[in-house]
Amino acid sequence: MKNEFQVIADLIEKDKKVLDVGCADGTLMKFLKDNKNINIRGLEISKEKVQECIAKGLTVIEGNAEKDLKQFPDKSFDYVVLSQTLQAFLNPELVLDELLRVGKKAIVTIPNFGYWKVRFHLLLKGTMPITKTLPDEWYNTPNLHMCTIKDFFHFVKSKDIKIFKSLALNNLNSSIISESNLGVKNLFADLGIFLIEK
Amino acid sequence: MNTEKNIKTLIVKKPLKLDCGKTIRDFPVAYETYGSLNSKKDNAILVFHALTGDQFVTGINPVTNKEGWWSYAVGPDKAIDTNKYFVICSNVIGGCMGSYGPSHKDPDQKIFGTNFPVITINDMVNAQYNLLDHFGIDKLFSITGGSMGGMQVLQFISNFPDKSKTVIPIATTSSHSAQNIAFNELGRQAITADSNWKEGNYTSNDTNPGKGLAVARMAAHITYLSKKGLQEKFGRKLQEREDLKFGFDADFQIESYLRYQGSVFVDRFDANSYLYITRAMDYFDLAKQFNGNLSEAFKNTKAKFFIISFTSDWLYPTQENKDIVIALNSIGSNVGFVEIESDKGHDSFLLDVPDFLSALKNFLDKSYEEN
């Protein structure tokens, strides 16, 4: 399991009710279910991935987060997880609002466009950056709304969303992001993990 | 039609008050089982059949000598694995494979015909519930069925919220749509317009409204397929001829196919049963039973739901299945949902659709492991 999922799992206490939005093949769901006794649900758009989740014995709803989150009542989950998908929605702001409506708390992770390798790639090569967390070409990437850790940090602040914890992830190391080290973390982390609440 | 000796029957002694107000008692419920009930009695699956199905789910149907209607899904090592699970299926009341229906005789020994009480999906599941007592099963492992079978699944768990651990409605709806009522009415009109129908008293008149019933079946059969499926299978191919004959014989393969479907159906199905069962489907509106709030139907159950629809099913489209998912999610139920890619139309649930069968199998087996 990737380090990102371990960090997310560490943010969630045992026995909680969790919705994994864009749960893919259910790796994180399975881990949470088996190791933390989490009452876990998933929402996934790909039929193939839904089948993989069913084969793991996970409860998954085939659907689109931009349309199908509205069926869940307010605060019906302790946590709603959205891993590296926010940038792929047509309207990320609306999805974020929905996550925070459905979940008491939300855990959102974003691939950081401010990562130094991304900046260097564009600066030196002059082509759209391709990295481990941004593996696609410009013409086939699902990412519509790339942002940096700094962008997201400012964005949630401007929406009066409370940040409980923000973590910068670089390979196997995770570290706390704060207002004072934001510039540095924005340069050296390839992934940002935010625990937020509204 | 219902006197074959291969039919197992439970005579329900307990009076059953029907939705129409009448009460029936000492009535037969015909059933079949597959696999064996384990000592803990926790491996039973109650399967509900669709409009023209019967209790003979899999293997060779001893009455028609044809494969059971869900042979792709049910059997040893199949999606519903009879090496593992005890499968029970019964003929719905109103049907014609041994359960109490319009071809039975009334207390005065006269064949009911249209004097048989109008029954509902609710009446059907209340009648079938008696099978649990019969087998001494306190809680089923699962209930499942497609189409009208799915309606019974929904009604059953609403009526008996703690009687099944898992619930699998397939290609169904919680409320029969105007379009579906319209198609059913077309079928009923075809039957009653046949002069051999004789106001439902065809048996005592020694006739059979076979033409009307065949037309009903042909019309319905089209609704079970998709345009793409029909086009790919038949296109404009001609039936055993080089060119058009400029007449009204079956020039096209699709015509011949439909005529065949109509004719074989008449041999195994009772026209009055067709009227009664389609009526029960039309009357089905689970939300209405709960003042328009479908969620209320499920608020007392802790069962785990898994809902399945098919992309090319335009009779019970994905959205109608999703409405059930939405109603369940709005009360925090444990519900999974998948829409299976298939161009086989509504009939997909009866056919060899690998993604469907593997989803069904995985859901059942994984849920059973967690038992």
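Biologist: Is the crossing of helix 4 of chain B and helix 5 of chain B right-handed or left-handed?

Modeller: This is a predicted model, in which local features need pLDDT of at least 70, side-chain atom pairs count only at pLDDT 80 or more, and totals for chains, interfaces and linings use all residues. Residues are numbered from 1 along each chain as its sequence is written, with chains lettered from A and ligands numbered from 1 in the order in which they are written. Helices are DSSP runs (H or I, at least four residues) numbered from the N terminus, and a crossing is right-handed if the near helix is turned clockwise from the far one by less than a right angle, left-handed if anticlockwise. For helix 4 and helix 5 of chain B, the crossing is right-handed.

Biologist: How are helix 4 of chain B and helix 5 of chain B oriented to each other?

Modeller: The axes of helix 4 (residues 178-192) and helix 5 (residues 210-223) of chain B, as lines fitted to C-alpha atoms over the stretch in contact, come within 7 Å and cross at roughly 160°. Angles run from 0 to 180 degrees between N-to-C directions, and those over 145 count as roughly antiparallel. The two helices of chain B are therefore roughly antiparallel.

Biologist: How many residues of domain 2 of chain B are in contact with domain 1 of chain B?

Modeller: An automatic or database assignment gives domain 1 (8-177 + 285-369) and domain 2 (181-278) of chain B, whose C-alpha centres lie 26 Å apart. Counting contacts as C-beta atoms, placed from the backbone, within 7 Å, 25 residues of domain 1 of chain B meet domain 2 residues numbering 20.

Note on methods. Parallel < 35°, antiparallel > 145°, perpendicular 65-115°, else oblique.
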